[in-house]
Amino acid sequence: MKERLKELRETSLAAIHSAENTAALEQLRVKYLGKKGELTALLKQMGRLSAEERPVMGQLANEVRSALEDTLEQCRIRLEEQALARRLEAEALDVTIPGETHTPGHRHPMYIVLDEIERIFIGMGFSVLDGGEVETADYNFTRLNTDDAHPAREWSDTFYFTEDSSILLRTQTSPMQVHAMESRTLPIRMIAPGRVYRKDEVDATHSPMFHQIEGMAIDRGVTMGDLKGTLNEVVRRLYGENTVTRFRPHHFPFTEPSCEMDVQCHKCGGRGCPTCKGEGWIEILGAGMIHPKVLQGCGINTDVYSGWAFGMGLERLALRRFQISDLRLIFENDVRFLEQF
Ligand code: PHE
């Protein structure tokens, strides 16, 4: 019996030491120490021993039992530590693995030009205002001296929200003139960039949505000379010292007198080419002295104050600035195009 106990001790300890996980350990515990385990089976045979042998064997069996129990416990601790170490290693962050690359975007070419223009005007003491794209016909037309019969008010020209033509997507940034006169104290110098909408088909020079920058200055003794001087200076800072401009008479309901400003074509120097459609000049804005009716409608005393306003097309300025030939490229947002700026 002594031999069998020794043998059991050796084989069971070896098995316990080579167990690979705690589940295997538990199986071994049942196998040796459980109710139907091998040690228990041996102890049941003690009855067959002599009275002298019994306590000796009992003691030996107890030693084997506690050796098994101690070893099981030690192995359990060791296996749990190993499992934890393995898990930590598996979950660890490997800082040497190259990170995911995120290609940072950059400003759209049109907004690059807008930033340049804003900076020029801010340097001249202008504020930059922001306005809603949904307007009332009152601000978009009526208060800008544009009567009900004006062609710009046609359903074929304008996106209306209501049957009674009272709410619309603004067709121009000019309503910002009225908003500024109402909300600011004189003198006013402001620009207001933003989107405008007209029922135009898309082609190389048209889009139903485009951007304008409205500009306005109201003060005592403001003249057309101030308007020309300011706009010439802006265009020179934007396109270079030698930029040639001209002002042509025009008509807008809310300015009197009114004009359009052209910049000499950068491609042909004024001789005429496809870029300027053979004209030698490219129109960039409409402008004029603010009509007294518009000023008076906002409670401004026209005996004391006068003002000028302009509205320029931002896409056109961007096309010229970056020598882009087709307006659609501005809106299509093809990364291969945008990456060039
Ligand atoms: N709002 C006019 C347009 O869209 C441009 C303009 C603005 C003209 C301000 C005069 C004064 O064509």
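**Entry 1: strands E6 and E7**

I looked up the pairing of E6 with strand E7 (residues 255–264) and found that 7 bridges join these antiparallel strands. Here strands are DSSP runs of E with at least two residues, helices are DSSP runs of H or I with at least four residues, and both are numbered from the N terminus. Two strands count as paired if DSSP finds at least two bridges between them. Within this pair I noted phenylalanine 247 opposite methionine 261 in E7.

The model is a predicted one: local features require pLDDT of at least 70, side-chain atom pairs count only at pLDDT 80 or more, and totals for chains, interfaces and linings use all residues. Residues are numbered from 1 along each chain as its sequence is written, and side-chain values use heavy atoms, with hydrogens and water left out.

**Entry 2: the sheet and its helices**

I traced the open sheet as 7 strands in the order E1-E4-E5-E9-E8-E7-E6, with mixed pairing. Strand E1 (127–128) and strand E6 (245–252) are at the edges and have a single partner strand each, so one side of each lacks a neighbour in the sheet.

I then examined the helices, taking contact as heavy atoms within 4.5 Å. Axes are lines fitted to C-alpha atoms, for helices over the stretch in contact, and angles between N-to-C directions run from 0 to 180 degrees. Helix H8 (residues 224–239) lies across E6, E7, strand E8 (281–290) and strand E9 (305–313), at about 25° to E7. Helix H10 (residues 314–322) also packs on the sheet and touches strand E5 (209–220), E7, E8 and E9; its direction makes about 60° with that of E9.

**Entry 3: the ligand**

Which residues are closest to the ligand? I found Gln172, Ser174, Arg198, Gln212 and Gly311, out of 14 that surround the ligand (a heavy atom within 4 Å). For polar contacts (pairs of N or O atoms within 3.5 Å), I recorded 2.8 Å between a ligand nitrogen and a side-chain N or O atom of glutamine 172. A polar side-chain atom of arginine 198 is 2.9 Å from a ligand oxygen, and for glutamine 212 a polar side-chain atom likewise lies 2.9 Å from an oxygen atom of the ligand.

The protein covers 90% of the 330 Å² of accessible area that the ligand has on its own (Shrake-Rupley method, 1.4 Å probe). E5, E8 and E9 each give two or more residues to the shell, and E9 gives the most, with 3 residues.

**Entry 4: backbone exceptions**

I checked the backbone, given that most peptide bonds are trans and most residues other than glycine have a negative phi. The bond from leucine 186 to proline 187 is cis, with omega near -5°; proline 187 lies in the loop between helix H7 (175–183) and strand E4 (188–197). Glutamate 256 and proline 257 are also joined by a cis peptide bond, with omega about -5°, and proline 257 is in strand E7.

Conventions: Polar contact = N/O pair within 3.5 Å; in protein donor to acceptor, adjacent residues only side chain to side chain.
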